[in-house]
Amino acid sequence: MLCKIIPEKCIACGLCQVYAPEIFDYNDDGIVILKNDNEAYQEFVPESERNNALTAYRKCPVRAIEITEK
């Protein structure tokens, strides 16, 4: 599964980090970044984090997260 973030859409609500703290983090302005590589906009999600990533995707109110099954 591939996870892509769209920081321009992010409203800094914090839900993605609540549901998937091993994947998502925030920059100094509270905008979503990927925890493992804060310069990247996409990464493959480990199988162990799949459910957490899907929950974060579903809970994001502005669709700043995209999930693609690969």
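**View 1. Lys4 and its partner in β4.** In this predicted model, Lys4 has Gln42 as its bridge partner in β4. One residue back, Cys3 has Glu43 as its bridge partner in that strand. Both contacts belong to the pairing of β1 (residues 2-5) with β4 (residues 42-44), which runs antiparallel over three bridges.

**View 2. Across to β5.** Here we look at what β1 does with β5: the two strands pair in the antiparallel sense, and the count is four bridges. Lys4 turns up again, this time with Glu66 as its bridge partner in β5. So that makes two partners to pick out for Lys4, namely Gln42 in β4 and Glu66 in β5. Leu2 is worth a label too, since Thr68 of β5 stands opposite Leu2.

**View 3. The whole sheet.** Zoom out a little and you get an open sheet of three strands, ordered β4-β1-β5, with antiparallel pairing. β4 and β5 are the edge strands, each pairing on one side only. From one strand to the next, the twist averages 20°.

**View 4. The two faces of β5.** Which side chains of β5 are buried, and which are not? Ile65 and Ile67 point to one face and are buried. Glu66 and Thr68 point to the other face and are not buried. The side chains thus alternate along the strand. Two residues on the face that is not buried have already appeared in these legends: Glu66 is the bridge partner of Lys4, and Thr68 stands opposite Leu2.

**View 5. Glu69 and Arg50, a salt bridge.** How many salt bridges does the structure hold? Just one, formed by Glu69 with Arg50, and their closest N and O atoms are 2.9 Å apart. The pair links distant parts of the chain: Glu69 sits in the segment after β5 (65-68), while Arg50 is in helix α2 (residues 50-59), 19 residues apart. As for solvent, Glu69 is partly exposed with a relative accessible area of 48%, and Arg50 is also partly exposed, at 26%.

**View 6. Arg63 over Tyr57.** Arg63 lies over the face of Tyr57, at 5.0 Å from the ring centre. Where is Arg63 found? In the loop between α2 and β5. Its backbone deserves a glance as well: phi of Arg63 is near 55°, a positive value in a residue other than glycine. Arg63 has a relative accessible area of 38%, which means partly exposed. If you go hunting for aromatic pairs elsewhere in the model, the count comes to zero.

**View 7. Two cysteines, no disulfide.** Why is there no bond between Cys13 and Cys60? The sulfur of Cys60 is 5.9 Å from that of Cys13, its closest cysteine sulfur, and that is too far for a bond. A disulfide needs the two sulfur atoms within 2.5 Å, and by that rule the count comes to zero disulfides. Seen from the other end, Cys13 is in no disulfide, and the nearest cysteine sulfur is that of Cys60. On accessibility, Cys60 counts as buried at 11%, whereas Cys13 is partly exposed with a relative accessible area of 43%.

**View 8. Ala12 in its loop.** Ala12 belongs to the loop between β1 and α1. What is the phi of Ala12? Near 60°, a positive value in a residue other than glycine. Ala12 counts as partly exposed, at 36% relative accessibility. Keep Arg63 in mind for a side-by-side look, as phi there is also positive, near 55°.

**View 9. Leu15 in helix α1.** Leu15 is part of helix α1 (residues 15-19). With a relative accessible area of 30%, Leu15 is partly exposed. For a handy distance to check, take the C-alpha atoms of Leu15 and Val32: they are separated by 10.0 Å, and the two residues are 17 apart along the chain.

Conventions. Residues numbered from 1 in each chain as written. Predicted model: local features only at pLDDT ≥ 70, side-chain atom pairs only at ≥ 80, totals over all residues. Heavy atoms only, no water. Buried < 20%, exposed > 50% of the residue type's maximum accessible area, 1.4 Å probe, protein only. Phe/Tyr/Trp six-rings, centres within 6.5 Å; stacked < 30°, edge-to-face > 60°. Lys NZ or Arg CZ within 6 Å of the ring centre and 35° of its normal. Salt bridge = Lys/Arg side-chain N within 4 Å of Asp/Glu carboxyl O. Pairing = 2+ DSSP bridges. Axes fitted to C-alpha atoms, helices over the stretch in contact; angles between N-to-C directions.
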